[in-house]
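This report describes one sheet and one nonpolar core. The sequence and the structure come first.

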Amino acid sequence: MDLITLKNDQLEIKIATLGAELQSIKDNTGKEYLWQGQADIWPRRAPVLFPIVGRLQHNQYALGNQVYSMTQHGFARDREFDVLDKNHQVVTFGLTANQETFEVYPFDFVLKICFTLQNKSLLVTYSVQNRSQQVMPFAIGGHPGFAINYQQDATILKIANPQIIRQLEFTRDNLINQYHSRSIAARLPLKADSFAHDAWVLQSQGFNSYS
């Protein structure tokens with residue numbers, strides 16, 4: 001595993017080649033914005049979820065007449081990515097299907113993740129290419145943990161196009177339980193108890209931006 005650093009006069013970003021996972025987001029005062037991992041709480045920092053988001057029942061799924069096994073959130077977070085392109089403010093990582101991935105996900109894919117510094121912002125772009133001859137079902141997601149002090153930091157989730165969406169609820173073993181509709185405002189304050197019932201998973205064709 002190698003660490004790649006991006007830096008401008010506002011931010012310094014570190015990303016690991018293992019999982020193309022963010023390791024650090026610091027501003028020019030040295031303040032760390034990313035959770036730094038703690039084994040007894042959550043050891044990861046910002047894993048990439050691919051080709052599934054969530055957990056399969058019994059960690060298995062059927063495709064045609066074949067049953068495949070895949071653990072929670074897929075395999076990308078535990079794979080070494082190639083560095084495809086890099087300069088001081090942009091880096092692109094790539095993961096390509098191989099014999100090991102075919103055993104759990106029988107599709108010929110190329111996953112690219114690009115990190116771009118833009119002044120005080122970090123833009124993360126995901127690209128998935130299907131090189132198979134059949135339809136390739138997949139899900140992809142970012143799972144960053146942020147270092148937030150709810151007593152000191154005003155933390156807001158901003159939605160570019162607020163609307164009525166469907167929210168997924170989960171069972172205790174992290175399987176999808178049910179959907180229910182909720183109205184999402186343009187600005188959602190986040191509090192310590194916002195995730196008391198696990199993650200928010202919002203399903204909508206119209207979502208295109210949040211920060």
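## Terms and model

Buried means under 20% relative accessible area, exposed over 50%, and partly exposed in between (1.4 Å probe, protein chains only). Strands are DSSP runs of E with at least two residues, numbered from the N terminus.

This is a predicted model, in which local features need pLDDT of at least 70, side-chain atom pairs count only at pLDDT 80 or more, and totals for chains, interfaces and linings use all residues. Residues are numbered from 1 along each chain as its sequence is written, and side-chain values use heavy atoms, with hydrogens and water left out.

## The sheet

Four strands form an open sheet in the order 7-8-9-10, with antiparallel pairing; two strands pair if DSSP finds at least two bridges between them. Strand 7 (82–86) and strand 10 (121–130) each have a single partner strand, so one side of each is left without a neighbour in the sheet.

Strand 7 pairs with strand 8 (residues 90–96) over 4 bridges, and aspartate 82 has glycine 94 of strand 8 as its bridge partner. Glycine 94 also stands opposite lysine 112 in strand 9; strands 8 and 9 pair over 7 bridges. Strands 9 and 10 pair over 10 bridges and form a hairpin with 2 residues between them, where asparagine 119 in the turn has a positive phi of about 55°.

## Strand 9 and the core

Of the 10 residues in strand 9, 8 are buried. The largest nonpolar core (buried Ala, Val, Leu, Ile, Met, Phe, Trp, Tyr and Cys residues joined through side-chain atoms within 4.5 Å) has 32 residues, of which Tyr105 and Phe109 touch the most other members. Strand 9 (109–118) is among the strands that each supply at least two residues of this core, and gives the most, with 5 residues.
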